[in-house]
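Visitor: I would like to learn how to read a fold like this one. Could you take me through it step by step?

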Amino acid sequence: MMRARVMIPLGVALVAVLAVAGWLLFLRPEARPSTFRGEPTSALYSLIDSRQRDAAPLTVDEVFTPDTATLGGLRRVSAEQLADCDDALWGASAAGCTQALRATYTGDSGAGQFVIFNLTDGRAADALVKALSKDGFVRQAVPFDAVRSRAQARALGHYVTVAWVGPVRPGETGDLVSQLVALDGLGHIIQKRVVDAT
């Protein structure tokens, strides 16, 4: 009877150790996506090309609504505003950034995250997208295989959105394209800001 009691805690401890080992395997401090696409801002977002013309800060509830709790087969695990924009980055800096909002998603075959940065203007947004293509990237906040991951960064006026997805297990290739498109769609909230600025 005593042996059975000892075996259960050991089993739990083993699972915890394996979970941490898996997290460390997938979550390297400087993980990058294997496929990345970055886009500069465009004339469509000229009405919100500076924070002066779009002064109201974003909110977590505005960006991550109940309708976006499930996207592309992924379920939202967390949604937060970070204390400092640079907390969301490694190897790059978001000059003049006042907000970084982030959500993480997980599913049976994939996981991902979406981050939105509130910068001073379109030039700063374009500079961040350029930096993400070569100098650094967003910090990985949920475990997935970065080696086979895909990411999309867009400058939208004075905002930058970054969607990043990857398979949960090494060697797997899930439907990353549809998952990436789904998470990237969270950036559509910025189009409402354009409408409000007219």
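Guide: We will go from the sheet to the helices, then to the salt bridges and the cores. Please keep in mind that this is a predicted model.

Visitor: Let's start with the sheet. In what order do the strands lie, and is the sheet open or closed?

Guide: Reading a sheet means following its neighbours across, not along the chain. Here 7 strands make an open sheet with mixed pairing, and the order is β1-β8-β9-β6-β5-β3-β2.

Visitor: Which strands stand at the edges?

Guide: Look for strands with a single partner. β1 (35-39) and β2 (70-71) each have just one partner strand, so one side of each has no neighbour in the sheet. For β1, strand β8 (residues 150-156) pairs with it in the parallel sense over 5 bridges. Within that pairing, E39 has R154 in β8 as its bridge partner.

Visitor: Now the helices. Which strands does α3 lie across?

Guide: Begin with contacts, then look at the angle. Helix α3 (residues 122-134) lies across β1, β6 (110-118), β8 and β9 (159-167), and runs at about 165 degrees to β8. Its buried residues are G122, A124, A125, L128, V129, A131 and L132. They pack against β1, β4 (89-90), β6, β7 (137-138), β8 and β9.

Visitor: Why would buried positions in a helix tend to recur at such intervals?

Guide: An α-helix has 3.6 residues a turn, so residues three or four places apart point the same way.

Visitor: What span should α3 have, and what is the distance between its ends?

Guide: This is a simple check on helix geometry. With 1.5 Å a residue, the 13 residues of α3 should span 18 Å, and the end C-alpha atoms are 19 Å apart, which agrees.

Visitor: And which strands does α4 lie across?

Guide: Helix α4 (residues 176-184) lies across β2, β3 (74-81), β5 (99-106), β6, β8 and β9, at about 155 degrees to β9. L176, Q179, L180, A182, L183 and D184 are its buried residues. Their cover includes β2, β3, β5, β6, β8 and β9.

Visitor: How many salt bridges does the structure hold, please?

Guide: There are 10 salt bridges. It helps to read the distance together with the exposure of each partner. D121 and R123 meet through their side chains at 3.0 Å, N to O. D121 is buried, at 16% relative accessible area, while R123 is exposed, at 63%.

A second pair is D135 and K134, whose closest N and O atoms are 4.0 Å apart. D135 is partly exposed at 44%, and K134 counts as exposed at 53%.

Visitor: How far apart in helix α5 are K192 and D196?

Guide: K192 and D196 form a salt bridge of 3.2 Å, N to O. They are 4 residues apart in helix α5 (residues 189-197), which separates them by about one helical turn. Elsewhere, salt bridges with shared partners link R37, E39, R154 and D184 into one network.

Visitor: Finally, which residues touch the most other members of the largest nonpolar core?

Guide: To read a core, find its hubs and then its contributing elements. This core has 29 residues, and F117, L119 and V160 touch the most other members. β4, β6, α3, β7, β8 and β9 each give two or more residues to it, and α3 gives the most, with 5 residues.

Visitor: What does L119 touch?

Guide: Leaving out residues up to four places away in sequence, L119 touches R51, A94, A95, G96, C97, A124, A125, L128, H158 and V160. Apart from the largest core lies another, of 24 residues, including Y45, V63, I116 and I190.

Technical notes: Residues numbered from 1 in each chain as written. Predicted model: local features only at pLDDT ≥ 70, side-chain atom pairs only at ≥ 80, totals over all residues. Heavy atoms only, no water. Pairing = 2+ DSSP bridges. Contact = heavy atoms within 4.5 Å. Axes fitted to C-alpha atoms, helices over the stretch in contact; angles between N-to-C directions. Buried < 20%, exposed > 50% of the residue type's maximum accessible area, 1.4 Å probe, protein only. Expected span 1.5 Å × (residues − 1). Core = buried A, V, L, I, M, F, W, Y, C linked by side-chain atoms within 4.5 Å.
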